[in-house]
Amino acid sequence: MTALPPFQTVLDEHSAVVMAILQGAVGRDGAEDCFQETFLAALRAYPKLKDARNLRGWLLTIAHRKAIDHHRARGRNPVPVAEVAEVAVENGIPEPDEELWAAVGALPPKQRAAVALRYGSDLPHSEIGAALDCSPEAARRSLHEGLKRLRKELA
Amino acid sequence: MKNPTGATIERFRARAAEEGLLDVAYATTDSPFGTLLLAQTRRGLVRVGLPNQDAEELLVDLADRISPRVLEAPAALDEVRRELDLYFEGKLDHFDLPLDWRLSSGFRQRVLRAINRIPYGQTRSYTEMAAKAGNERAVRAAGSACGSNPIPLVVPCHRVLRTSGALGGYGGGLPMKEGLLELEGVLGGRSGT
């Protein structure tokens, strides 16, 4: 068994990835809350974690669940929706990639997570599968479907 | 893609503290001798890392021996930092901080508790400390208890010298020990070996 590193190390190394996937999954506004919920849940469970080898996969699994909770709490149907996510504007200047994020935000949850993990966090298929609790092949399919949809959306 | 902002991390720390999840809170602080690492539990100050010690290693050790819930939380260490700053300015001769002694045990802990009662600006010998801890012949063990002091500065192992008056050793290096004794006004031109 690998010893658990100080939680601060986990936070330093993986907070950017977790924030990235959450922004993709629930949008910028929801990501802040989901980020807090994810890391608090992780910190609560941390001392009992049996295996320190895949901390990122573990965190992303929690983040994924929090994103689903977020959608449920909003009473949104977590299956495909055609609506375009709200466009966040900071200081009156739209973020340059806002259109892309809106399109990613409108993807079905699994595709959305797969896209965010692959391009936001640069994870290989095997780790995306681990994070989404599915096989690498299923992760690849979700990613493929998500990209196809994005291309159509943004064409 | 943006990293979480400082404000996001700050909120996380605050909520972790509120929920009682901060098993070990730590911060770094400047001193005339270099950067110090300060770590505390809910019981009190548990570890002070001296400038020549590897902070990363100390944190891994704390995760291992106390709890892996180790988080940087500067605000939690405000009082410790304040007292240390005053001490280095020569304006504080007695720390009033709760201490967590769990990183030492048995004879070593008895030695360290005895050291903790040596007043500011005074020195004692390793032999005296061994005697206070209940075994005056265990001088070497008393020396190694000093050497393994998890809370240096606050538990003033720098005030323990050899019976001859020679400096003995110091985890932070002899120049630091000398500097601390000078600060406390007890190093009257002694040449240390």
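**Why the terms apply: a sheet, a core and a chain contact**

Mentor: In chain B, four strands make up an open sheet with mixed pairing, in the order β3-β2-β1-β4. This is a predicted model, in which local features need pLDDT of at least 70, side-chain atom pairs count only at pLDDT 80 or more, and totals for chains, interfaces and linings use all residues. Residues are numbered from 1 along each chain as its sequence is written, and chains are lettered from A and ligands numbered from 1 in the order in which they are written.

Trainee: What makes β3 and β4 of chain B edge strands?

Mentor: β3 (45-49) and β4 (70-72) of chain B each have a single partner strand, so one side of each is left without a neighbour in the sheet. Strands (E, at least two residues) and helices (H or I, at least four) are DSSP runs, numbered from the N terminus.

Trainee: How do you know that β2 of chain B is joined to β3(B)?

Mentor: Two strands pair if DSSP finds at least two bridges between them. Strand β2 (residues 34-40) of chain B has four bridges to β3(B), so the two are paired, and they run antiparallel. Q40(B) stands opposite L45(B) in β3(B).

Trainee: Which helix gives the most to the largest nonpolar core?

Mentor: That core has 90 residues, and helix α1 (residues 7-45) of chain A gives the most, 17 residues. A nonpolar core is a set of buried Ala, Val, Leu, Ile, Met, Phe, Trp, Tyr and Cys residues joined through C-beta atoms within 7 Å; buried means that 20 or more other C-beta atoms, placed from the backbone, lie within 10 Å of a residue's own.

Key
A residue is buried if 20 or more other C-beta atoms lie within 10 Å of its own, exposed if 12 or fewer, and partly exposed in between; C-beta atoms are placed from the backbone.
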